[in-house]
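Let's take a walk through this structure together, one region at a time. Keep the 3D view open and turn it as you read.

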Amino acid sequence: MLQQTRAEVVIPYYQRFLERFPDAATLAQAKQADVLACWSGLGYYSRARNLQAAARAITASGGFPRDYHSLRALPGVGPYTAAAVSSIAFDQPCAVLDGNVLRVIARITNDGSDIALARTRAQFQRVADGLLAPECPGDFNQAMMELGATICLPRAPGCTSCPVARFCEACKAGTQGELPVKSGKLQPQTIRAEVVIVEKDSKILLHRRAARERRMAGFWDLPQPAELNGLHSVVTLGSFRHTITHHHYTLNVLAGAVPHIPRGFRWWRLDRMQDIPLSTIARKAIRLRHPRTN
DNA sequence: AAAACGGGGGC
DNA sequence: GCCCCAGTTTT
């Protein structure tokens, strides 16, 4: 859950998720749609699928992996997560390199190399490994991340209150504000789209996205006008914006009626929206008409 | 190596 | 509006 997601945002999801799926065996046995529903709103949904796949692998193998390489072999576990779990849970001497640590290392060493490059990350990994305190690797890693999250901030580095300012080459040189250097920003794209709310007896019409869809596979979605034969009584409810990575959507939300349920669609009760995986775009559109809906 | 993948929070 | 977040996988 913490991959590319702020800890404060994660906490309520984490608590609900662990209440629902308290251990690997429970998660392994669950239906994927229930796992996604519990994750719905947190984003990066492949993390949820990978976590369940990992739970199944762990259950099948009969034991939780305890070293970097076995952890790394689990689906959804990359270099960061393998290092974090092996060091924090199992005292293994593996330095983590997340966004915070990249920034801290770039500043401590006053290194203006592009952190988007693999070569730079490999270099920073060597620096972090060299700094790691082998007697308490978990504490060291958490301290590095916490330093980046609370003091060595992206925009406003708090050098005056920094406990390691006297070791920091960027602070000495006064370059902390320009570091780290990161290239490769994608061109933003603007996209207009329309969705339709067809409502009857406190239920709305949704369809399930195919399992092989690239994005939001298996999620429930609102219809687009072209998908509704015989759509009539159309009115505009309003519009809103939503950004997904570098795609800027402007959603126009319509309401209307159809003569019969189209193929692939079904009615879902408005008071049951929390039970299904639903994109935030769909939730925002539904909330335009029903402000208190989940 | 670059792009895709969600969503929200801070300024 | 832009940047970034306790990154990983796919192209």
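In this predicted model, a polar backbone atom of Gly99 sits 3.1 Å from a phosphate oxygen of DNA strand C. Right beside Gly99 in the sequence is Asn100, and here the side chain takes part: one of its N or O atoms is 3.2 Å from a phosphate oxygen of DNA strand C. Gly78 uses its backbone again, with an N or O atom 2.7 Å from a phosphate oxygen of that strand. Which elements give two or more residues to the surface near DNA strand C? They are helix 6 (79-90), helix 7 (99-108) and helix 9 (137-150).

Now zoom out to the whole surface around DNA strand C. It counts 25 residues, and the ones that come nearest are Gly76, Gly78, Asp98, Arg103 and Met145. Of the atoms of DNA strand C that come within 4 Å of the protein, 64% belong to sugar and phosphate. Sorted by class, the residues of this surface are nine nonpolar, ten polar and six charged.

Next, look inside the protein. The largest nonpolar core is made of 25 residues, and Val101 and Phe124 have the most contacts within it. Helix 6, helix 7, helix 8 (118-131) and helix 9 each give two or more residues to this core, and helix 7 gives the most, with six. If you pick out Phe124 and skip its neighbours within four places in sequence, you will find it in contact with Leu97, Leu102, Ile105, Ala106, Asp111 and Ile115. There is also a second, separate core of 19 residues, with Trp220, Leu251, Val253 and Ile281 among them.

Leu251 and Val253 lead us to a pair of strands. Strand 4 (residues 232-244) and strand 5 (residues 247-257) run antiparallel and are joined by ten bridges. As one example, Arg241 has Thr250 in strand 5 as its bridge partner. Two residues lie between the strands of this hairpin, and Thr245 takes a positive phi near 45°.

Finally, turn to DNA strand B. A polar side-chain atom of His242 is 3.1 Å from one of its phosphate oxygens, while Tyr45 places a backbone N or O atom 3.0 Å from a phosphate oxygen. What does Gln4 approach with a backbone N or O atom? For Gln4 the partner is a base nitrogen of DNA strand B, 3.3 Å away. Altogether 19 residues surround this strand, and Thr5, Tyr44, Arg214, Arg215 and Thr280 come nearest.

Technical notes: Residues numbered from 1 in each chain as written. Chains lettered and ligands numbered in written order. Predicted model: local features only at pLDDT ≥ 70, side-chain atom pairs only at ≥ 80, totals over all residues. Heavy atoms only, no water. Near = heavy atom within 4 Å. Polar contact = N/O pair within 3.5 Å; in protein donor to acceptor, adjacent residues only side chain to side chain. Helix = DSSP H or I, 4+ residues; strand = E, 2+ residues; numbered from the N terminus. Nonpolar A, V, L, I, M, F, W, Y, C, P; charged D, E, K, R; others polar. Pairing = 2+ DSSP bridges. Core = buried A, V, L, I, M, F, W, Y, C linked by side-chain atoms within 4.5 Å. Buried < 20%, exposed > 50% of the residue type's maximum accessible area, 1.4 Å probe, protein only. Contact = heavy atoms within 4.5 Å.
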